[in-house]
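Biologist: Before I rely on any of the labels attached to this model, I would like to hear the reasoning behind them. Could we take them in turn?

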Amino acid sequence: MITPTIYDRYLTALLAGNRQAGTTTVQKLLDNHIQIKSLYTDLFQKSLYQVGELWESNKITVAREHMATAITEGLLNLVYPELFRGERCQKKIVVSCAANEFHQIGGKMIADLFETHGWDAFFLGANTPVDEMLAFIDEEKPDLAALSLSIYYNMPSLKSAVSAIEAHFPDLNILVGGQAFRWGGADIIHNFKNTHLLKSLDDLEKQMAWPV
Amino acid sequence: MKHDGSKLNVLRDYLASRAPVLFFVLSPDGRIIESNRFSRSVLLGRGPEEIPAGTCFHDLVLNFNSDFDFEKMVSDPEKEHLLNITTAAGTPQSFYFSFVPVQDQILAFGRMDTDEIEFMRKEVLGLNQELNNLTRKLHKQNAQLERLNREKNQFLGMAAHDLRKPIGLVMSYSEFLIDDADTLDAEQLQFVRTIHASSAFMKRLVDDFLDVSAIEAGKFDIHPSRENFVDVLEKSLELNHFQAQKKGVTLEIHCQDPLPKTLMDAPKIEQALTNLISNAIEHTPPDSRVRIALSHTPREIQFMVQDEGAGIPADQIKNLFQAFGTTRAKKTGGEKSTGLGMLITRKIIDAHQGRIWVESPAGKGAAFYFTLPVSPEMNTK
């Protein structure tokens, strides 16, 4: 369980760029068999949201925000030795970020949480060109595609990616989500027939049981 | 233009205390007269130290090619000069310097290229993301390989198990035929002997596959009891005796009496001994000897078997206890090997918390050693 003390210590380390202290905290939690979802939502996501708020309110620099993200992404690697070992459910998802979207950690966390539920989750990374995404979907034939968006002004890129996926794979369900949707864009689910908005990581379990 | 004294003072104060540029007032021969806070912070750290009066500007600069030409730089105030400065952090930092003569002094301004820094920052962040994505991919593929390996072992175990019985039948019936050799002509007898030798090899292969399959599936259990090591060795020697006799190899045994009883899974230790002794007989030339020695300390028993073969090349020793870790060392009688015996032997010794190793001085044969603790704390199932 992530207590307020553990959280505060972790956030302080993150903002100070103390990667080693962050590693120690996460490793201890893993050694105590913390649930991956709790680690992701109550520590990684919560702290990154707080770092984002500090940046948006001009309390920290963008460089510090990037450093905190980079450290968090490195800490995800501590989870991987166990993450992929569970039972498989024979379902596949391709997760990506839209073109010009350089914030990838949200999408990666979605991919990882699908893995914890036995899905084979392929993560294509930040700033993925639409053509590459389409080629990968064609090759892997996933049961679900997901697109993550952090910066609202990249919404047109996301919409064109969704449009392209739907044109090429009309039966494929598409999940969209990310911090960008705080500022709008929810109408996307009305404009595309197979597209669904993931409102939070807590909402994820419902999507796992998708009738694909 | 009319100078506004208060604005100039504010500007000077900003430059001296807060501006993120290096600023020096220099004498015409390049000595530092004055420096701002940012310069001191970069060069000396955040302490209260001052740059010693009279320090030469060129002493701050990393002048790798000895081509630092202060006069030339000062002569062109419009031009920026890329110079590297050693910082308090111990890492060089690049600044673009302008030198502006004002009356009998020179003002030196050094700025960082923020565009370049931003470009580099983005590159580093991108590389970090790529590295992390590759790490994720690597872990994912590793887990897939582990799954495939488990399935392969399961298949191997099933196949080996199902093959064992028919091979056993072929072996038994060929033995019956050999026993009735007087009913066969010489050619038929040779055929049957070949069938028997081949089926014996196949049975050994299948047994090794079953052991490896159990080892890799983590199901290689040991069932220890307190045993006399010499008794186990004698059983193994009975099995190896015929092979040695056929090749004219003498088994020379040295035993430090009395050996303490130790906890062991006797059939598995016998298997390890048989593997090592049989390996030594295979690698020793005909009509030579294989030396076997047993010794002990209060903590452990040590077994050693040494052949008089060609030895093992040093670069191949590390692969020896791996699956199919055969070496260039030739078997002197053309014997066949499954390539799994040493792996199984190592696993048996590991499971007993012992140590196994080989010493092979060039051209002097190979000596295999293993130890067993007298009082191990074993995890048994």
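Modeller: Let me begin with what is counted: helices are DSSP runs of H or I of at least four residues, strands are runs of E of at least two, and both are numbered from the N terminus. On that basis chain B has 8 helices and 12 strands, and please keep in mind throughout that this is a predicted model.

Biologist: What makes chain B more spread out than a compact globule?

Modeller: The globule rule gives 21 Å for 381 residues, whereas the radius of gyration of chain B is 39 Å, well over that value, so chain B is more spread out than a compact globule. Taken along the principal axes, the box filled by its C-alpha atoms is roughly 130 × 45 × 40 Å.

Biologist: How many of the residues in chain B are buried, and what supplies its exposed surface?

Modeller: With buried meaning under 20% relative accessible area, 38% of the 381 residues in chain B fall into that class. The area that chain B exposes is about 22,800 Å², and carbon and sulfur atoms account for 55% of it.

Biologist: Why is Ser66(B) called exposed?

Modeller: The cut-off for exposed is over 50%, and Ser66(B) has a relative accessible area of 64%, so it is exposed. Ser66(B) sits in the loop between helix H2 (37–44) and helix H3 (70–74) of chain B.

Biologist: And why is Gln353(B) counted as partly exposed?

Modeller: Partly exposed covers the range between the 20% and 50% limits, and the relative accessibility of Gln353(B) is 39%, which means that it counts as partly exposed. Its loop runs between helix H8 (341–351) and strand S11 (355–359) of chain B.

Biologist: What makes the phi values of these residues worth a remark?

Modeller: Most residues other than glycine have a negative phi. Ser66(B), which is not a glycine, nevertheless has a positive phi of about 50°, and Gln353(B), also a residue other than glycine, has a positive phi near 60°.

Biologist: How do you know which residues form the contact between chain B and chain A, and what area is buried there?

Modeller: Contact requires heavy atoms within 4.5 Å, and the contact involves 14 residues from chain B and 25 residues from chain A. The area buried between the two chains is about 1,600 Å², with carbon and sulfur atoms giving 46% of it. Of the area that chain B buries against chain A, 36% is supplied by Gln129(B), Arg136(B) and Lys140(B), more than by any other three residues.

How values were computed: Residues are numbered from 1 along each chain as its sequence is written. Chains are lettered from A and ligands numbered from 1 in the order in which they are written. This is a predicted model: local features need pLDDT of at least 70, side-chain atom pairs count only at pLDDT 80 or more; totals for chains, interfaces and linings use all residues. Side-chain values use heavy atoms; hydrogens and water are left out. The radius of gyration is taken over C-alpha atoms; the globule rule is 2.2 Å times the number of residues to the power 0.38. Buried means under 20% relative accessible area, exposed over 50%, partly exposed in between (1.4 Å probe, protein chains only). Accessible areas come from the Shrake-Rupley method with a 1.4 Å probe; for residues, only the protein chains shown count as cover. Buried area is the accessible area (1.4 Å probe) that two parts lose on being put together, summed over both.
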